[in-house]
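Here are some short exercises to work through with the model open in your viewer. Try each task before you read its solution.

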2 protein chains.
Amino acid sequence: MSLSISPLATPFPAMPPVAGVTLRVARARYKEWDRCDLTFVELAPGTTVAGVTTQSRCPSPEVEWCRQALVLGEARALVVNAGNSNAFTGHRGRAAVEAIAAQTAAHLGCRPSDVFVASTGVIGVPLPIDKAQAGLTAAYAAPAADWRAAAETIGTTDTYAKGATATAIVDGRSVTIAAIIKGSGMIAPDMATMLGFIFTDAAVEAPFLQAALSAANTRTFSCITVDSDTSTSDTVLAFATGAAGNVPLSGDDSDGADAFRAALADVCRQLALLVVRDGEGASKLIEIAVEGAESDASAHRIAMSIANSPLVKTAIAGEDANWGRIVMAVGKAGEPAERDRLSIRFGATQVARGGLAVEDYDEAPVAAHLKGQEIAIGVDLGLGEGRATVWTCDLTHGYISINADYRS
Amino acid sequence: MSLSISPLATPFPAMPPVAGVTLRVARARYKEWDRCDLTFVELAPGTTVAGVTTQSRCPSPEVEWCRQALVLGEARALVVNAGNSNAFTGHRGRAAVEAIAAQTAAHLGCRPSDVFVASTGVIGVPLPIDKAQAGLTAAYAAPAADWRAAAETIGTTDTYAKGATATAIVDGRSVTIAAIIKGSGMIAPDMATMLGFIFTDAAVEAPFLQAALSAANTRTFSCITVDSDTSTSDTVLAFATGAAGNVPLSGDDSDGADAFRAALADVCRQLALLVVRDGEGASKLIEIAVEGAESDASAHRIAMSIANSPLVKTAIAGEDANWGRIVMAVGKAGEPAERDRLSIRFGATQVARGGLAVEDYDEAPVAAHLKGQEIAIGVDLGLGEGRATVWTCDLTHGYISINADYRS
């Protein structure tokens, strides 16, 4: 099964190198394919690391490994396997992760805990250690690769390569952030794991990096949904090599703290939207902005209720200004809402206000907006100051075709 | 848009009359169609009533009306409108409900609060009072209808009429329960409202009836999902006319209390499954049984997480034994789960046990089971004694076609 490129795809950006980061790719042949599927990233000594991982109660052994390694906050390497998620494989899966870390630690002369591992692909099949070891040996000897090659290598059924970059002035120096991500395009027999890797040459102490990444995550990766299903393996890691030579960022008072956090959040936002734009079967990118809720958390839950509603998503696929389904999704969120204070807009046009349809609203701009590829839905609850914005895609025949029209 | 009959449809059963219940149907012409769309049920004096309504925070004025009337626990009539849900219509919607109750109260010489009202159909358009009034006048004069006619009249885009019946021995007398329901088949621009109406000739005090209905609801209507979207108008009402002449059921010690509760739960379970069998685009009925959870409530939330997962539902549509997606859905439920204690079966075949795939399990019976119309998924968490069973349907191109391939 081959997938056509998402109509919402954007071109791979020009991505600068990041000092202290060396990318290499190789063929481990985790599946019957002739493509690179193992990414090996070598990081300069002294690199710090932060991460956020899936909320799943059934995480992959890679996720558990990364969580343990993050406690130390130091990194020398990242290994990413594509084609086999190694999830739900018991002790054999754990052994595969340990073997990858041990081999790479021996190669670099570092601790196994300095080696981060992520895998994506089929569930329930232990990652074959022999293939991983041979792939690693090939990767160690491979020439340096560019961002695009690495972005393609971590992908599974992503329909296009995804990268993002930003710069910031920290301690008088320009620092670079470059990142790649793979997302939601997947075939048999598994699910759309999101793996994101962010690299910067800034010097950043690990606790500061973790706080900055967690804050950015709350407003970006945690605000996207394709189909409400959460992978066992979702992982975002941020690595800071320190090669820029700035005084390490360590707290709010550090020179450039705000600029770095803003740049990191910018990159995370770019990455998150790239994932939604490659949502399975997506034909429209939907931004849902909720305001007037009792709290930001309440606004977020209401926005996600709308974003995950199959009836809302199919209405957008049908270019149908079906605000009744948005009322429904607000109502089912379980959050404070008063029907008679609720207002809804598509694009810039109010279609319902104060619990009633806006009489004789102009349907032409609504219809024109819904025919576009980027749809904006606004909901005002009229209760308080809470607000949140989330992003999703529509639900089309393409989603069914990708996920139902095959046997594993 | 016309829908073909669900492949999971079952024949309308033989339904006995219930003493004290008179059904009549009429044409209110809420839409441009030539079919009956108003149901008027007259109930004998002394009829008691119980009900459960949507959890939506944006309920229809009908739901609010019924909630208020249920406090008194007495009923003389039920009016059901099909084609217009009257939801999200502000004071004009409230006025329409009040007009229906007032007219019917005058006709019967009862209190307006003895008149129950439910509506299903388009959201955001006030129910036209003139059409309702003319329809009611016609209904009052119409000949008595049978259960099937009433079941057809309350339907919207249901693809088949739905009824269920049971009997019980109460206080030495045979009492009858007969019920109709409409469910999830929908067209522009609204949602799949579930309206269920249960009638019995047993004498039942309202608090007992409410307790019995609420208990049955927890294990039936609350355990079904088509697409996770909750209507603004979901309503189930149970009416007991007392015509059977038994000593009224009033508590656990009443003669026949257990038999009546069991019969009521049986009817509710039949009705709930009829709704799932008419789920939009459904080609398979899926039963998900979770055991070994820390509590029944936890088991229910895990089962619903599986039932609402688009990836699980599309896998079943594709007849794919994709248990990795079930692991995913367990993991995302937010409930206690331990990956390495988890076991999963399709039909009678264990496919994963103790956090691992069962090596070399026999794929033939699994494949045969998945080709059938009724799919059983079993999950054992291995943690405790909590258990729950829920029902859903698969997610197919039909769902997308019904909900996206039109403009409202």
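A cavity is a set of grid points where a 1.4 Å probe fits but cannot get out, and its volume is the space filled by probe spheres set on the points. Please keep in mind that this is a predicted model.

**Exercise 1.** Find the largest cavity and describe its lining.

*Solution.*
- Start with the count: the rule gives 1 cavity of 30 Å³ or more.
- Next, the volume: the largest cavity holds about 30 Å³ of space.
- Now list the lining, which consists of Val312(A), Ala315(A), Ile316(A), Asp320(A), Asn322(A), Ile326(A), Phe346(A) and Ile377(A).
- Sort these by class, and you get 6 nonpolar, 1 polar and 1 charged residues.
- Finally, look at the secondary structure: helix H8 (residues 310-317) of chain A gives the largest share of the lining, 3 residues.

**Exercise 2.** Work out how much area is buried between chain B and chain A, and which three residues of chain B supply the most.

*Solution.*
- Begin with contacts: 68 residues of chain B touch 67 residues of chain A.
- Then take the buried area, about 5300 Å², with 56% of it from carbon and sulfur atoms.
- On the chain B side, Arg57(B), Phe88(B) and Arg339(B) supply 16% of the area that chain B buries, more than any other three residues.

**Exercise 3.** Characterise the polar side of this interface.

*Solution.*
- Count the salt bridges across the interface: the rule finds 6.
- Inspect the one between the side chains of Asp340(A) and Arg94(B), at 3.3 Å from N to O.
- Add the polar contacts, found for 14 residue pairs.
- To finish, note that H9(B) brings the largest share of the chain B side, 8 residues.

Key. Residues numbered from 1 in each chain as written. Chains lettered and ligands numbered in written order. Predicted model: local features only at pLDDT ≥ 70, side-chain atom pairs only at ≥ 80, totals over all residues. Heavy atoms only, no water. Contact = heavy atoms within 4.5 Å. Buried area = accessible area lost by both parts, 1.4 Å probe. Salt bridge = Lys/Arg side-chain N within 4 Å of Asp/Glu carboxyl O. Polar contact = N/O pair within 3.5 Å; in protein donor to acceptor, adjacent residues only side chain to side chain. Helix = DSSP H or I, 4+ residues; strand = E, 2+ residues; numbered from the N terminus. 1 Å grid on protein atoms, 1.4 Å probe; cavity = no way out; pocket = protein on both sides within 12 Å on 5 of 7 lines; lining within 4 Å. Nonpolar A, V, L, I, M, F, W, Y, C, P; charged D, E, K, R; others polar.
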